[in-house]
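Let's take a relaxed walk through this structure, stopping at one loop residue, one strand and some empty spaces. Have the model open and follow along.

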Amino acid sequence: MPHTLSSHRVPSSALLLLTWWALSLAQADPNAAPTIQLRLAGDKRKHYEGRLEVYHNGEWGTVCDDDFTIYAAQVACRELGYLDAEAWMPSAKYGQGQGRIWLDNLNCQGNEKSLALCNSNGFGVSDCKHSEDVGVVCNQKRMPGFKFISNLGNNLESLTVQVEDVRIRATYSQRKRVPITEGFVEVKDGGKWRQICSQDWTPMNSRVICGMYGFPGERGYNARGYKLLAKRRKKNYWGFGVNCTGNEADLSDCKLGRQVELKGNGTCEQGMPVVISCVPGRAFAPTVSAGFSKAYRVEQPLVRLRGGAVIGEGRVEVLKSGLWGTVCDDNWNMRAATVVCRELGFGSAKEALTGARLGQGMGPVHMNEVECSGFEKSLTECSFNREATGCGHEEDAAVKCNIPAMGFNSRLRLSGGRNPYEGRVEVLAERNGSLTWGAVCSDSWGTMEAMVVCRQLGLGFASNAFQETWYWQGEASAEAVVMSGVRCSGTELTLDQCLHHGKHLNCPKGGGRFAAGVSCTQAAPDLVLNAQAVEQTTYLEDRPMYALQCAQEEHCLSSSAASASSTSYRRLLRFSSQIHNNGRSDFRPRAGHQSWIWHECHRHYHSMEVFTHYDLFSLNGTKIAEGHKASFCLEDSHCEEGIQKKYECANFGAQGITTGCWDTYRHDIDCQWVDVTDVKPGDYIFQVEINPNFEVAESDYSNNIMKCRCRYDGNRIWMYNCHIGGSLSSETEETFPGLLTNQLSHR
């Protein structure tokens, strides 16, 4: 009789083991990987970067940088819902993590759906320390259609919010408001917009969303109308809550809240779709008219931004003891940057910048190793290391802030240029009851006006302002001039905030080839005179007229010298000028080689006929000594360590001042003076102004003026309290009325 299975008795424990083994074989997928979840953590300076952390086996851990590549970064960023990876950072750039190091010797091809599918030593097999924790920088664009899937079960509170997008959806009656400050909060997940249940919603969540949309704070709203509206609307709730502490710069930094049970019309029975209302900064507050409020200037702020290309970004400067100074970038992070942004009437920070990315400042470094909780009203309330020294201006901290969507670029465009950064300026204006595109008259069009255009379009700084644009073929329908007489101070947010003729146009040359044009650039130079050098090198010299014939021909003496005898003497106030380029691009003259002028006195070509003004004022701002408009040959006299000189005047060489270099005009050079022969003894203000006609665009014109107090007793002169424009508090500036009456913004 043949053997059958039924003829043998098999122990029940063995049967169970066989069953489990068979099921395991049946369910095993050779391509399946352990289920993981990712997040970006650590000391971030952008919300889309950070230390890469992995959740596996009920525990968060890190990834070692051994064998890590950009391909692994791409897989991680896409798994997090970002479009791609920009870079990866070794050696715990975002701080050292804690717990297990889950992955080591990670080897990805770049097309894997998850880091878990990449080859590695295996989960938890590593010989690394947390000093080798890897970080990634993702592309800030989110992946279209990205759907968040939680693999954490009930441990959601440790995971950050990962959605494709978030918006404030205004009600129909408020959609025409600029900016939109109130409405339903919706997140985009799986390609669909979804509401959030209000049951666990807090003001801290509202604060973070408002910050993302460029608003410094949140406020209450009339809930009754929204409740009625919500009842009538079809709802499509997101399956999770949100749990922000309030000091996050972005929703992606907030933790997930409780999972929401989705049960059709029964979802969120105890609540309604979340609504928020935000408070705009004063510069963005909507006005009754269709325009916008004037660029707002605080009377005496404690913190300011300088050197930024667009509104809401710049080098951070702090006022201390009446003197403006910078902040060192040691420990500079998104929390501190967000405090600055909110304080100045913007939203949360988009980026905390280090390494003088927006140019170097002048004066003292007031704060180092700044530590903020994120809830301070001002950066000056944050703690910092008062003992820390050794920070130079090459470490100046800066910020980029979120600003409200004002639609600034919907009423202005550049047309006909070779690239998006240049072209004929065309504005949308109301004519005969309808909106029409048209040209801007180029009469009086200059660098300041071009600066406002480039800022309004978010294209950076102006590199050139054009009064003729025949070489750019603009839109044929926009040939007619719709704006004339434009005069900007440079602080305006939009071109229509500048002075202009309104409805009564006056443009004798007309539009067409004489329409205004601009070219824009992301980086600009920033010239600053060394005030200390002026103070230390000032002296008087009596020089005979027969030794000043060359200077007389170049108009370097006051008018009374024309009738002076050759044996008479002129009294000259001499000093050295040391002009630094602290910006982010070289300072180059506008004029080409062919139009440079040979100066016999200096024995070289001058590329800018009017580069500086030297003047002496009475204490009430009246000009005493006839100002002399000095022309210059521009060259790199000296540079900071590690920077090569590019420009020199000899042999008809290229002229300019390289970033990080300075041009020195010594006190003993002809015309490096003010003729004070006719000046009576007394107290005066001595002023030097660089690039006075704004011939070359700079990132900051406020520091182009230097002023000193000056006492002259008829034989000797004392120069003291020399300072750069904008370096002192406004209270201190009141002792220098000339600085206020000659401010650059009051053109």
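Start with Arg175, which is partly exposed: its relative accessible area is 40%, and that puts it between the 20% and 50% cut-offs for buried and exposed. Keep in mind that you're looking at a predicted model. To find Arg175, go to the loop that links strand E7 (165-169) with strand E8 (182-189). Leaving aside residues up to four places away in sequence, Arg175 is in touch with Arg169, Ala170, Ile180 and Arg233.

Now for a strand. Is E16 mostly buried or exposed? Of the 5 residues in strand E16 (residues 323-327), 4 are buried, so the strand is largely enclosed by the rest of the structure.

Which strands does E16 pair with? One is strand E15 (residues 313-320), which runs antiparallel to E16 and is joined to it by 4 bridges. Another is strand E18 (residues 365-367), this time parallel, with 2 bridges. Here are the two pairings side by side:

| Partner of E16 | Direction | Bridges | A bridged pair |
|---|---|---|---|
| E15 (residues 313-320) | antiparallel | 4 bridges | Lys320 with Leu323 |
| E18 (residues 365-367) | parallel | 2 bridges | Val327 with Met367 |

E15 and E16 form a hairpin with 2 residues between the strands, and there Ser321 takes a positive phi near 55°.

On to the empty spaces. Rolling a probe the size of a water molecule over the atoms is a way to see where space has been left empty.

How much space lies in the second largest pocket? About 1300 Å³. The lining of this pocket takes in 46 residues, and the ones nearest its centre are Gln140, Met212, Lys350, Asn402 and Ile403. The elements giving two or more residues to that lining are E7, strand E17 (349-353), strand E19 (398-401) and helix H6 (447-456). So E7, the strand at one end of Arg175's loop, turns up again here. Sorted by class, the pocket lining holds 26 nonpolar, 10 polar and 10 charged residues.

There are closed-off spaces too: the structure has 3 cavities of 30 Å³ or more. The largest cavity contains about 90 Å³ of space. Among the residues lining the largest cavity are Arg39, Leu40, Lys44, His47, Tyr82 and Ser252. By class, the lining of the largest cavity splits into 4 nonpolar, 4 polar and 3 charged residues.

Methods:
Residues are numbered from 1 along each chain as its sequence is written. This is a predicted model: local features need pLDDT of at least 70, side-chain atom pairs count only at pLDDT 80 or more; totals for chains, interfaces and linings use all residues. Side-chain values use heavy atoms; hydrogens and water are left out. On a 1 Å grid over the protein atoms alone, a cavity is a set of points where a 1.4 Å probe fits but cannot get out, and a pocket is an open set with protein on both sides within 12 Å along at least five of seven lines; lining residues have an atom within 4 Å of a point. Grid points are joined across faces, edges and corners, and a volume is the space filled by probe spheres set on the points. Ala, Val, Leu, Ile, Met, Phe, Trp, Tyr, Cys and Pro count as nonpolar, Asp, Glu, Lys and Arg as charged, and the others, Gly among them, as polar. Buried means under 20% relative accessible area, exposed over 50%, partly exposed in between (1.4 Å probe, protein chains only). Contact means heavy atoms within 4.5 Å. Two strands pair if DSSP finds at least two bridges between them.
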